[in-house]
Structures are given as C-alpha cells and as structure tokens.
Amino acid sequence: MSSLNAEPQQACLPSGSIPGEPPLGRELTDRLLTISHDYCQAEGGCHGPDHTERVHNLALHIGRLMNARLDILSAAALLHDIGRSQEMLSQGKICHAAKGAEMSRAILAGLGFPPEMQEAILHCIEAHRYRNNKTPETLEAKILFDADKLDSIGAIGIGRAFLFAGQVGARLHNRGVDVAKTSSYSTEDTAYREFLVKLCKIKDKMLTPEGKRLAAERHEFMEVFFRRLEKEIHGSPRNIHANSR
Ligand SMILES: [Fe+2]
Ligand SMILES: [Fe+2]
C-alpha cells in the first residue's frame, strides 16, 4: 500500500470532470457517465451528476492509495446513486442503494461487464449506504462508502445540506430544534438538523485510513461553520452538540 501521508494536497480534488485516463477507458467511462447523468440530472445540485463525479474522483484517489480494483470502483461510483430519484419520489420509502443495484444489473450486463465484475460492482452500490444489513464487505465497497460519505461533509457537505433543505422547503436555520421531535422532508429539516442528526457522526464511521484522515479535516471545518452561523444569527455560539441524538 502506498503511504497514506504522501499526498495531503489531495484533500482538494478536481470536480465536475473525470480527469486523466479513466480506469475503464474513455469510451466506456463516457457511456457510464451519460447513463448516470440521465438518471441523476433531476436531482439538482445535491445528488446530481457533479456529486457522482466528485465521489468517483475521491474513490479513485483512495483506491490508488490502497491498491484497489479501480475498474470496479469506477463503475460502482458512476452508478451508485442512479436510484436516487426513486427514493426522492417515495420520500425515503424506497432505498436508493438497493434500487440502484437493481437498475445497474441490466446496465452492466448490457455493457458487457463479466459476471464476476458485475457482482463486485453491484455489491459496492448496494452497500454504499451501509443500511438494511448491507455491510460493505470488499475493499472497493468500503472505499465507495467512504468516498460517498466524504462528499456529504466539509464545505461541500454544508453546501449540499442547504441545497437539500431548499429542495424540501425547509427553513434556513433552527437553533433550538429538538431533533428527536422533527422529521425528514419537513420545514424543520434544515442543514443544521442534518448536521446534528447525521453529518457530525460521519467522521467516526469511515472505513479506510485515508477516509478517516479526510473526514477529520472536513469535520473540523463544519464545526467552525456552524459556530459562525450561530454567532451571526444569535450573537453567540452555543454547544452545537447540545441537542443532537
Ligand atoms: Fe447514495
Ligand atoms: Fe452518493
């Protein structure tokens, strides 16, 4: 394995494109990108194509450090959220990871991926959410999990949380919220609630050394941001973990 401390500058990754020569080759990568864009376009800035591309770049970055199968990682990252619109339409009742794996089976077969590679890719997609007893079991699945979660924290995570809050019509901020009494997709489903319920816990869930390193750095920035938000709105910061659950 390469040294995990060798490239600290990789915390800042290019986004909005697939740089260099992709592991699956340019033609197949572009076909997967097109398919992914078609399914994810309607998800806007939160779970749209640029999220997929950032996750892809992060997954390859971690994958290179850990000598993972970059071809499996690449396909899995590009398709990992194609079931998102189904989850959004069902207001969370459909799991997009399970649905995405189901949808990807036919796509991968149609593109001629060998059966054993299909299974490896489908496992990554199905387990990237780490729910419903679908635990990431392979190195590539663990890396995709970390890459996806990393894109929900730090400055990007804050931006995405506000975008999502806007999509569901939530308020800008709700300082005194008791998160136990609020629900997803409500007007109280603010970026701050997302931080208290989910984002503040992500750094402790990372599965790879590089994932842990990047998550710690991104977590620190979120703490600074929400303290600042509190200060600007209310004049003084409060304990941002006081009402988390
Ligand atoms: Fe996802
Ligand atoms: Fe994702």
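Does Ala101 count as buried or exposed, going by its C-beta neighbours inside 10 Å? The legend to Figure 4 takes this up. The model is predicted.

**Figure 1. Overview of the predicted chain, an all-helix arrangement of eleven helices and zero strands.** From the N terminus on, the elements run α-α-α-α-α-α-α-α-α-α-α. The chain has 245 residues, and 41% of them count as buried. Take the contacts between residues at least 6 apart in sequence: 63% of these join residues at least 24 apart. The mean pLDDT is 87, and 86% of residues reach 70 or more. Over residues 1–16, the pLDDT is below 50. Beyond near neighbours in sequence, that stretch has 23 contacts in the model.

**Figure 2. Close-up of helix 4 (residues 70–79), a mostly covered element.** Nine of the ten residues of helix 4 are buried. Which ones are they? The buried residues are Asp71, Ile72, Leu73, Ser74, Ala75, Ala76, Ala77, Leu78 and Leu79. Their cover includes helix 1 (26–40), helix 3, helix 6, helix 7 (115–127) and helix 8.

**Figure 3. Close-up of the contact between helix 1 and helix 4.** Two packed helices are described by the angle between their axes and the distance between the axes. Here the axes of helix 1 and helix 4 come within 9 Å and cross at roughly 20°. An angle under 35 degrees counts as roughly parallel, and helix 1 and helix 4 are therefore roughly parallel to each other. Their crossing is right-handed. Helix 1 contributes Thr29, Leu32, Leu33 and Ser36 to the contact. Helix 4 contributes Ser74, Ala75, Leu78 and Leu79. By class, the residues of this contact are five nonpolar, three polar and no charged. An α-helix has 3.6 residues a turn, so residues three or four places apart point the same way. Ser74, Ala75, Leu78 and Leu79 also appear among the buried residues of helix 4.

**Figure 4. Close-up of Ala101 and Leu108, two residues of helix 6 (residues 96–110).** Ala101 counts as buried because it has 24 C-beta neighbours inside 10 Å, and the cut-off for buried is 20 or more. Leave aside the neighbours of Ala101 within four places in sequence. Ala101 is then in contact with Leu122, Ile125 and Glu126. The C-alpha atoms of Ala101 and Cys124 are separated by 8.6 Å. Along the chain, Ala101 and Cys124 are 23 residues apart.

Leu108 also counts as buried, with 22 C-beta neighbours inside 10 Å. What does Leu108 touch, not counting residues up to four places away in sequence? Leu108 touches Phe113, Gln118 and Ile121. The C-alpha atoms of Leu108 and Glu119 are separated by 9.7 Å. Leu108 and Glu119 are eleven residues apart along the chain.

**Figure 5. Close-up of the crossing of helix 3 (residues 49–65) and helix 8 (residues 139–150).** The axes of helix 3 and helix 8 come within 8 Å and cross at roughly 135°. That angle makes helix 3 oblique to helix 8. Helix 3 passes helix 8 in a right-handed crossing. On the helix 3 side, the contact uses Val55, Leu58, Ala59, Ile62 and Gly63. On the helix 8 side, it uses Ile143, Leu144, Asp146, Ala147, Asp148 and Leu150. By class, this contact has eight nonpolar, one polar and two charged residues.

**Figure 6. Close-up of Asn67 and Gln91, two loop residues with a positive phi.** Most residues other than glycine have a negative phi. Phi of Asn67 is near 55°, a positive value in a residue other than glycine. Where does Asn67 lie? Asn67 is in the loop between helix 3 and helix 4. Asn67 is exposed, with 10 other C-beta atoms within 10 Å.

Phi of Gln91 is near 55°, again positive in a residue other than glycine. Gln91 sits in the loop between helix 5 (84–89) and helix 6. Gln91 counts as exposed because it has 10 C-beta neighbours inside 10 Å, and the cut-off for exposed is 12 or fewer.

Conventions. Residues numbered from 1 in each chain as written. Chains lettered and ligands numbered in written order. Predicted model: local features only at pLDDT ≥ 70, side-chain atom pairs only at ≥ 80, totals over all residues. Axes fitted to C-alpha atoms, helices over the stretch in contact; angles between N-to-C directions. Helix = DSSP H or I, 4+ residues; strand = E, 2+ residues; numbered from the N terminus. Parallel < 35°, antiparallel > 145°, perpendicular 65-115°, else oblique. Left-handed = near helix turned anticlockwise from the far one by under 90°. Contact = placed C-beta atoms within 7 Å. Nonpolar A, V, L, I, M, F, W, Y, C, P; charged D, E, K, R; others polar. pLDDT = per-residue confidence, 0-100.
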